[in-house]
Amino acid sequence: MRTNQPTTIHLSEYKVPAYLVDAVDLCFELFDDGARVHSTLSVRHNPESTEESAPLALDGDSLKLESVALNGKELAAGDYEETDEQLVIAKVPVQFELKVVTWIEPQNNTRLEGLYKSSGMFCTQCEAEGFRCITYFPDRPDVMARYRTRIEADKNSCPVLLSNGNDVEKGDLDNGRHFVTWEDPFPKPSYLFALVAGDLVEKQDTFTTCSGRDIDLRIYVEARNAAKTRHALDSLKRAMRWDEETYGREYDLDNFMIVAVDDFNMGAMENKGLNIFNSSCVLASQETATDLAFQRIESIVAHEYFHNWSGNRVTCRDWFQLSLKEGFTVFRDATFSADMGSPTVKRIEDVTLLRTAQFAEDAGPMAHPVRPTSYMEITNFYTLTIYEKGEEVVRMIHTLLGPDLFRKGSDLYFERHDGQAVTTDDFVKAMEDASGRDLTQFRLWYEQAGTPVLKVSDDYDNEQGIYRLTVQQSIPDTPGQTNKKPQHIPFALGLLGADGEDLPLSLENHQDTAHAPTEQVLELTEASHTFEFHGLLQKPVPSLLRHFSAPVRVEYPWSREQLVFLMSHDSDGFNRWDAGQRLAVDVIQSLMDAPDTEEVEPRLVEVYRSLLGDSALDQALVAKMLQLPSEAYLVELADSADVAAIHRTRERVASNLATSLRDELIACYHRNVGTENYEVTSESVARRSLRNTALAWLLMINDETGRDLALAQLNSADNMTDRMGALRALVNSDYSAERSQALKDFYERFQDDPQVVEQWFSVQTSSDRAGQLPQIRALLEHPAFDWKNPNKIRSVVAVFAGQNLAAFHNPDGSGYEFLADQVCYLDDSNPQIAARLVTPLTRWKKFAPAYSSLMRSALERVRDKPELSADLYEVVHKSLEG
């Protein structure tokens with residue numbers, strides 16, 4: 001058991017750095033048994049610092065120091081102090097040059113932070129604090145410098161040598177070695193440094209900017225992946241054009257490079273000019289990637305590219321400001337993806353993640369504001385709150401200001417802070433200055449944790465034709481925060497008449513209803529508001545929080561009849577979907593303790609029947625509306641979750657729907673069989689989604705026709721979406737023989753493709769039929785599983801614990817003990833991944849006592865592990881104390 005508590009870092013203790021680094025000159029000598037790093041820093045005292053005689057303190061982690069020289073004079077051991085975390089020189093001049101030589105062992109770096117090897121390739125991951133694993137440096141984002149990097153390596157094993165910026169020199173060396181030197185003309189923080197060296201093939205394209213400059217675009221991959229780069233290159237070009245047209249941001253270097261890496265803790269990294277991607281987030285082909293993977297890759301490629309301005313040119317002052325770059329950039333990539341496809345479907349997908357996972361985070365022991373006030377380990381704060389809720393905060397500013405003023409604000413932000421490390425307050429201030437709006441109260445979104453709850457009530461005055469809507473807001477207590485202030489919330493709504501049409505919204509008596517809008521954004525700033533809508537001849541049906549205009553929970557007593565009405569008539573596609581989710585939730589929850597003989601709500605069956613036959617409605621929206629609320633979302637809505645009851649009841653409702661709609665599902669399947677060539681368009685994606693949804697429902701009731709359709713589709717599919725759709729349907733059926741054969745055949749066909757094997761793992765571990773604990777343990781012993789590869793770990797352990805809820809929450813607690821075992825084992829080699837894997841156990845208070853006591857015991861066992869990492873210590877201790 002760890003007895004020394006990691007240091008807590010507080011936002012309130014921020015001080016400007018005592019020293020600044022203007023230039024960094026690096027030379028890497030790469031060898032099979034390690035790497036020697038020569039670092040030359042041009043350092044000067046920071047004029048903004050009050051610490052005039054401060055010692056120079058450089059961060060370092062797992063480094064072997066070989067030499068230190070100050071202004072050309074090598075320092076003796078007594079001239080500096082070296083600890084496990086720092087190199088400290090007590091006395092330095094106001095301006096000086098410091099040369100440091102370190103030795104590191106990338107081949108033994110299992111943490112995948114700093115410089116490490118993946119499949120024989122050298123690569124880096126420096127965000128957030130990985131650069132200190134390479135050399136001694138003031139490793140903080142507000143120290144920005146210009147970098148020159150020389151890489152030397154064996155020419156045969158590492159023919160490709162890459163770093164940030166533009167290559168300015170290259171040549172051969174003795175003993176079969178060679179070098180390339182790179183210069184980045186833009187100052188950047190150390191977390192954006194990147195290096196790649198290996199045997200890679202290059203796929204090239206060109207983009208012409210709005211000013212007529214030709215940008216060299218390159219993707220580097222292992223030879224076996226050369227055919228999977230076209231989609232990423234096309235996505236990159238679409239993102240570059242969109243950023244020019246939407247934000248006026250032109251790319252600034254002569255080249256833009258992407259490298260695909262199999263072993264990577266994150267999804268991708270926006271290093272200046274040299275993005276490093278998890279292979280699963282950039283490689284795609286018709287035969288190996290699903291539609292969702294194609295869409296995800298387009299989004300992630302855009303996200304990392306957009307960081308060039310919102311993150312690189314303007315970066316964050318400290319890590320408490322992480323959402324400054326991530327929230328803004330997620331908003332940018334979300335609106336880009338919406339423009340590239342179906343805006344409604346994109347919004348549904350984003351809100352589904354938010355309400356299922358981020359709301360859970362906001363209600364859990366690790367709840368924190370969008371701008372945290374403290375942390376022990378910053379890697380624990382790459383969270384849905386920082387990213388997804390941070391995106392919603394930026395979206396609300398966009399809603400309050402409107403697109404034109406928001407664009408004016410973003411232009412001012414980039415112009416005012418180009419080349420600087422700034423804060424979320426600086427971002428909001430730019431929006432205020434550009435728009436003239438006072439966003440003082442709005443800043444509470446960055447300061448207060450928790451998900452606001454809006455309790456809505458209404459009444460209708462028939463004599464005066466006035467409809468009154470009262471909205472009360474409250475924010476639950478979270479760790480360290482109580483008695484929270486009301487927040488500034490944009491609340492979009494519409495009112496529907498009996499004919500299903502939107503009614504004019506007249507907030508003032510005698511307003512000309514002919515010119516009144518049919519949708520309005522009300523601004524909530526007090527604990528309670530009452531709004532009066534005049535000139536209504538009947539009580540309307542409210543359509544609340546249209547477009548999900550704020551990340552809040554809405555409580556309103558809709559009847560089932562009203563929800564059916566909204567599903568059929570609401571002009572806001574998002575709220576149509578949401579009404580269906582609310583109706584299904586109400587039906588499932590009402591049957592949780594009911595006898596099996598009680599009828600499933602027939603109106604739910606009929607509204608699904610109507611959806612299956614509605615060819616006029618956006619088919620991508622229909623596909624989403626046909627999906628029942630997930631078990632994870634039902635758990636999130638429960639006060640004391642009984643997982644077995646939730647699973648059993650949801651399965652019962654789904655089976656009832658599938659049985660009642662069997663003929664319609666078969667007709668839907670055949671109606672959506674395509675004969676044209678594969679393409680990733682909204683229409684073709686919707687068609688495949690509908691077809692595979694119908695197939696999944698048929699296999700849920702073990703329909704023989706459905707089984708035959710699945711087997712035929714599995715054998716004839718020309719794309720991974722249909723192949724995986726058929727495989728998933730079979731895996732989740734009771735046809736055990738067909739399931740086993742299908743899994744065997746699939747693996748034999750794709751065993752040499754790591755990304756497809758990860759899908760093969762996940763389709764089993766997410767299934768309560770194929771993914772019970774004995775099968776999960778067997779997959780850990782499978783020759784394709786690799787404990788050094790985060791993607792494999794996530795596809796087996798994380799998917800089992802996060803998606804296969806019925807199996808993971810086995811009442812005997814075996815799932816919890818299994819997860820605790822894997823977390824403890826992994827903590828010794830990759831603590832960052834271990835700390836993320838433990839998340840399901842941290843929500844132990846959410847569950848019924850029979851579950852929560854066993855979950856807590858498993859978490860306590862993790863806490864008592866000897867030599868617990870700082871990453872895991874913070875998560876586990878906060879979870880047990882919260």
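A residue counts as buried when its relative accessible area is under 20%. With that cut-off in hand, let us walk through this predicted model, starting with a residue at the bottom of the scale. Phe533 has a relative accessible area of 0%, so it is buried.

Phe533 also has an aromatic partner. Its ring and that of Tyr467 have centres 6.4 Å apart and planes at 35°; planes between 30 and 60 degrees apart fall into neither the stacked nor the edge-to-face class, so the pair is tilted. The two rings come from distant parts of the chain: Tyr467 belongs to strand E26 (residues 466–474) and Phe533 to strand E29 (residues 528–533), with the two positions 66 residues apart. Tyr467 is buried as well, because its relative accessible area is 0%.

A useful thing to keep in mind here is that a pair of aromatic rings is described by the distance of the centres and the angle of the planes. The model holds 44 aromatic pairs, counting rings whose centres lie within 6.5 Å. Another of them joins Tyr251 and Phe256, and this pair is edge-to-face because the planes stand at 75°, with the centres 5.4 Å apart. Both partners are shielded: Tyr251 is buried at a relative accessible area of 1%, and Phe256 is buried at 2%.

Rings can also have a charge for company. Look at Trp309, where the charged end of Arg249 sits over the ring, 4.7 Å from its centre. In a second example, the charged end of Arg332 is placed over the ring of Phe328, at 5.6 Å from the centre.

Arg332 and Phe328 lead us nicely to a helix pair. Both residues are on the H3 side of the contact between helices H1 and H3. H1 covers residues 230–247 and H3 covers residues 322–340; they pack at an angle of about 105°, and their axes are 11 Å apart. Since angles from 65 to 115 degrees count as roughly perpendicular, that makes H1 roughly perpendicular to H3. From H1, the contact is made by Ser235, Arg238, Ala239, Trp242, Asp243 and Tyr247. Facing them in H3 are Phe328, Phe331, Arg332, Thr335, Phe336, Asp339 and Met340. Sorted by class, this contact has 7 nonpolar, 2 polar and 4 charged residues.

Next, turn to strand E27 (residues 489–496), where you will find Phe491. At 0% relative accessibility, Phe491 counts as buried. Setting aside residues up to four places away in sequence, Phe491 touches a long list of partners, including Leu454, Val456, Leu469, Val471, Val521, Leu522, Leu524 and Val554. Gln520 and Ser549 are also among the residues that Phe491 touches. The C-alpha atom of Phe491 is separated by 23 Å from that of Arg371, 120 residues away along the chain.

Leu545 is one of the contacts of Phe491 too, and its backbone deserves a look. Although Leu545 is not a glycine, it has a positive phi of about 55°. Leu545 lies in the loop between strand E30 (541–544) and strand E31 (553–555). That loop also holds His547, which is likewise not a glycine and has a positive phi of about 60°. What sets these two loop residues apart is their accessibility: Leu545 is buried at 5%, whereas His547 is partly exposed at 37%.

For another backbone feature, visit the loop between strand E11 (121–125) and strand E12 (144–154), where Ala128 is found. A cis peptide bond joins Glu127 to Ala128, with omega at about 5°.

Two last stops remain. Arg443 lies in the loop between helix H7 (424–435) and helix H8 (444–447). With a relative accessible area of 14%, Arg443 is buried, because that value is under 20%. Apart from neighbours within four places in sequence, Arg443 is in contact with Asp425, Val428, Lys429 and Glu432. Its C-alpha atom is 33 Å from that of Arg146, which is 297 residues away along the chain.

Finally, Ser740 is found in helix H19 (residues 736–750). Ser740 counts as partly exposed, because its relative accessibility is 46%. The C-alpha atoms of Ser740 and Ala770 are separated by 9.0 Å, and the two residues are 30 residues apart along the chain.

Methods:
Residues numbered from 1 in each chain as written. Predicted model: local features only at pLDDT ≥ 70, side-chain atom pairs only at ≥ 80, totals over all residues. Heavy atoms only, no water. Axes fitted to C-alpha atoms, helices over the stretch in contact; angles between N-to-C directions. Helix = DSSP H or I, 4+ residues; strand = E, 2+ residues; numbered from the N terminus. Parallel < 35°, antiparallel > 145°, perpendicular 65-115°, else oblique. Contact = heavy atoms within 4.5 Å. Nonpolar A, V, L, I, M, F, W, Y, C, P; charged D, E, K, R; others polar. Phe/Tyr/Trp six-rings, centres within 6.5 Å; stacked < 30°, edge-to-face > 60°. Buried < 20%, exposed > 50% of the residue type's maximum accessible area, 1.4 Å probe, protein only. Lys NZ or Arg CZ within 6 Å of the ring centre and 35° of its normal.
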